[in-house]
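In these entries I record what I looked up in one structure, and in what order. I began with charged pairs and then turned to confidence and strands.

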Amino acid sequence: MKKFVLFLLYFHFVFSSKCPSGSFLLPFMSTCHRYLDCNDIKSVRIVKELNSGFVKTVYLAKWKHYNIVLMKPNRFGFDEDFETGLSMLKMMSPNDHVTQLIGYCEERNIILTEYHMNGDARNLLALMEKNSSIDTIENRLKLCINYAEILQMLHSGPYGTRVACDSNSLDKLLSQFLVTSDLKLIVNDVDALPQVQANASILCGSRRLAGDFVAPEQKSTSVIGYNEKTDIWKAASVCQYFIEGHKDSQIVLYSIYELHKQCKSSDPKQRPTADELVDGYKRVLYDLIASRSEL
């Protein structure tokens, strides 16, 4: 059984996100397949509902013998939000940090993506805690790096500077990410990633936000907008969540204290960039690995 699991992880690593734009590759497929279209979707069978949100309902479905995800809007009038999500998926595919698009039918407002049986990131720590050989402090820190690299892609990637708006609480933020078979985070919900234009700002929704999780400028009545540095404020809390609770957490929390203190600066300009966050976490990881090897 262990060898079989290792094979699955190897297979996923070798073949995921290796297809040209407009095509996809699922585990155990030998060649890339063009995106499924409206005619192909006629043969897709819905198995069960996975979850339902304000904009869309998500189903587990079957195409041939493959498990896939089928999404469609569940409220009249939200087609525009749904179309935005599809446009973003098409623009960002293929990308190792983003869920794999495998088809769509704009006439019927249907999107198909790859299915990940581990669910969203709210399940991640529970999955790791089941296996002590996986649940190491190094792997917990790698989750911080993984998340920071996703922000790096959103903030300075080829799609312009994007802000993760649908993240007003830790639970809501984690629900936006899926967990792959090798316990990596990938962006799943791309409906609310507005672009920050040069020397401009954005607002996440029409109302001021509340709570300790969001950045101060998102709660201020005097600020007319904000930018990607709101994601950096939240990143410290996300990494803290990944690290805390592990028996070896204190040494890492001490090592990232100053970096996270910068992330929580009330002045957005004083917060590090996603690039600096990735570099900072990696330095701590390298130092941790080096100290272990000296023992």
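**Entry 1: Charged pairs**

I found that R34 forms a salt bridge with D40, their closest N and O atoms lying 2.8 Å apart. I note at once that the model is a predicted one. I then asked whether each partner is buried or exposed. R34 is partly exposed, with a relative accessible area of 44%. D40 counts as buried, because its relative accessibility of 16% is under the 20% cut-off.

Next I looked up D120, which forms a salt bridge with R122. Here the closest N and O atoms are 2.6 Å apart. D120 is buried, at a relative accessible area of 14%, while R122 counts as partly exposed at 40%.

My third pair was K282 and E149, whose closest N and O atoms are 3.6 Å apart. Which parts of the chain does this salt bridge tie together? K282 lies in helix α11 (residues 274-294) and E149 in helix α5 (residues 137-156), so the pair links parts that are 133 residues apart in sequence. K282 counts as partly exposed at 27% relative accessibility, and E149 counts as partly exposed at 22%.

I also checked for shared partners: salt bridges join R34, D37 and D40 into one network. The count for the structure comes to 13 salt bridges. As a general remark, I wrote down that side chains of opposite charge can pair when their charged atoms come close.

**Entry 2: Confidence**

I looked up the pLDDT and found that the protein averages 90. I noted further that 92% of the residues score at least 70. Over residues 1-17, however, the pLDDT is below 50. Beyond near neighbours in sequence, I recorded 18 contacts for this stretch in the model.

**Entry 3: Strand β7 and its partners**

How many of the residues of strand β7 (residues 110-114) are buried? Five of the five are, so I describe the strand as largely enclosed by the rest of the structure.

I then listed strands that pair with β7. Strand β5 (residues 66-73) runs antiparallel to β7 and is joined to it by four bridges. In this pairing I located I68 opposite E114 of β7. Strand β6 (residues 101-105) also pairs with β7 in the antiparallel sense, over four bridges. There I located L101 opposite T113 of β7.

Finally, I examined the connection between β6 and β7. The two strands form a hairpin with four residues between them. In the turn, N109 has a positive phi of about 55°.

Definitions and conventions
Residues are numbered from 1 along each chain as its sequence is written. This is a predicted model: local features need pLDDT of at least 70, side-chain atom pairs count only at pLDDT 80 or more; totals for chains, interfaces and linings use all residues. Side-chain values use heavy atoms; hydrogens and water are left out. A salt bridge is a side-chain nitrogen of Lys or Arg within 4 Å of a carboxyl oxygen of Asp or Glu. Buried means under 20% relative accessible area, exposed over 50%, partly exposed in between (1.4 Å probe, protein chains only). pLDDT is the predictor's confidence in each residue, from 0 to 100. Contact means heavy atoms within 4.5 Å. Two strands pair if DSSP finds at least two bridges between them.
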